[in-house]
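Visitor: Could you walk me through this model and show me how the descriptive words are earned?
Guide: Gladly! Let us look at it together.

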Amino acid sequence: MRKVKEFIIEKLILICGLASIFFVILIFLFLLKEGLAVFKTVSPFAFLFGKSWYPISEPARLGILPLILGSLIVTLGAAVISVPIGVACAVYIAEVAPAKIKEVLKSGIELLAAIPSVVLGFIGMVTLVPWVKHVFNLPTGLTALTGSIMLAFMAMPTIVSIAEDALYSVPRVYKEGALALGATHWQTIHRVLLPAASSGILAAVMLGIGRVIGETMAVMMITGNAALMPHSILQPVRTLTATIAAEMGEAVVGSEHYFALFAIGIVLFVISFAVNVTADLFLHRRKI
Amino acid sequence: MAKRLLIALLFLIASTSAFAASVKGSIQVKGSDTMVNLGQAWAEKYMEQNPQEFVAVTGGGSGTGFSSLISGTCDIAMSSRNIKQKEIDLAKQKGINPFEIKVALDGLAVVVHPNNPVDKLTIDQLAQIFTGKITSWKELGGADAKIVLLSREVNSGTHVYFKEHVLRKNDPNSKEEFAPGALLLPSSQAIADEVANNPAAIGYYGMGYISPKQKAVSIAQDEKSEYIAPTVENVISSKYPISRPLFFYTNGEPKDTVKAFLDFALSQKGQQIVRETDFVPVKQ
């Protein structure tokens, strides 16, 4: 009887473990099946490097280069803002802060992670958009920069918590050795701890970026969604995710617009897959 | 624990089926964002009169309404444009026969910031502004500032109507498009907010959204004609050049509860609600 129970439970756990992989494969196959159909009407080159996105015109123009660049510019901006702050915050929490402040900071960061993105988008629309317009003296505050700033808030909790873990997992002897050799606290952090934890910190950065690329609601509300080739971060942009979210409801099932949106899904999937694999590589290198 | 869960589940099933039984018919209405407020107002009054029925109204855009009518997930599609041939073909393939009923009229207002000195434009000027040929307010007698174009997303009937009737001037062979720099905002309210805050912005939406925080521009068909303000009277007399019919689409001729709801919308009381929500009645 006990053996049977063991057996059943073991198999159940196995099925649960395999289920996640199974679902990923199913989702990817479905994306491929729906997305690749667009290449019957438009060549992959024209799709990826076409400069105009007019999906409902006759004939439709389906070039997603402005959308890819839009996503990249928002993501890069968010990374430039969130990485230094996030890593510095992790160093402070892991190395400098007294126990009490550490607790407050950690729960504060968890709280930041808990804010739904639509709320951040709404707050950004009301506060940040007029501010950006005013400070940079722009015709409109709905720009890539506005999206970057808001997304930086979203990436920070991921970056801080994973970078902090990486710093903690540096063996104590490294730190003690450095201090014993007469290094100051800052020298120890800067010359010993950060390099030792570097692969973990890089993984944190990559996962933070992964979060930013996939974000939809906030960017749709505050980046202006204009599908033009971005020349600067102070321009409105349209991201891959916002395009899918804004247009999926309208696309008639089975039309080329519908397939094109799935093809955008494939592009997004490939990008975030690459980001996650890179993060994973860094994480594993640390273990060896 | 498992037992308690089971009881809770049974209770849930029992309560939902009891709820479902108490409501006789449920009508799903979906589509045009322009018409959401109107549809909701109709639904509320209709349900007051017929408490045993339930009408659910959701937006998403005219295209969204058609795609759910075609996939059979709604009973009535609200639309601020005519159904496209492509959509009819697709519906026929799935055994759906779109049936059109005109339920109200709407004037599209072109709005700018109240401090903007520009207060009248011709259709031709509008087309040049929104296709990006005129880029500064200076060219129109305003301040020396870059024009910020605001448009709805492509899933909006308002977007399609504006493109076909203003940008392309009803010419089916025209290839005019919105300038790529136009900001596509997800809702009419978002356009209203941005226009209220941005002295260089210009946008368009259904007359129902006009408030003192924006200024509606008077429009003329061409330079020689009279400039007409977007008011209910001017839309009824069809003097105002950018006005359009609003439709309900059903699968085949409406029957039973759907017909009852439609009759209510077209009744005197229903058309009174049209007026109250800042649209224009089809029947006087």
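Visitor: What makes helix H6 of chain B mostly covered?
Guide: First, a word on the ground rules. This is a predicted model, in which local features need pLDDT of at least 70 and side-chain atom pairs count only at pLDDT 80 or more, while totals for chains, interfaces and linings use all residues. Residues are numbered from 1 along each chain as its sequence is written, and chains are lettered from A and ligands numbered from 1 in the order in which they are written. Now to your question: a residue is buried if 20 or more other C-beta atoms, placed from the backbone, lie within 10 Å of its own, exposed if 12 or fewer, and partly exposed in between. In H6(B), residues 157–167, 9 of the 11 residues are buried, so by that definition the helix is mostly covered. Among them are B:His159, B:Tyr161, B:Phe162 and B:Leu167.

Visitor: How do you know that this stretch is a helix?
Guide: Helices are DSSP runs of H or I with at least four residues, strands are runs of E with at least two, and both are numbered from the N terminus. Just after H6(B), B:Lys169 takes a positive phi of about 50°.

Visitor: Why are H3(A) and H9(A) called oblique to each other?
Guide: Their axes come within 9 Å and cross at roughly 140°. Axes are lines fitted to C-alpha atoms, for helices over the stretch in contact, with angles from 0 to 180 degrees between N-to-C directions. Under 35 degrees counts as roughly parallel, over 145 as roughly antiparallel, 65 to 115 as roughly perpendicular and the rest as oblique. The angle falls in that remainder, and therefore H3(A) and H9(A) are oblique.

Visitor: Which residues make the contact between H3(A) and H9(A)?
Guide: Two residues are in contact if their C-beta atoms, placed from the backbone, lie within 7 Å. Those taking part include A:Ala78 and A:Val83 of H3(A), and A:Val205 and A:Ile209 of H9(A). By class, there are 9 nonpolar, 5 polar and no charged residues. Ala, Val, Leu, Ile, Met, Phe, Trp, Tyr, Cys and Pro count as nonpolar, Asp, Glu, Lys and Arg as charged, and the others, Gly among them, as polar.

Visitor: How many residues does each chain bring to the contact between chains A and B?
Guide: Chain B brings 25 residues and chain A brings 22. On the chain B side, H3(B) supplies the largest share, 3 residues. That side divides into 11 nonpolar, 10 polar and 4 charged residues.
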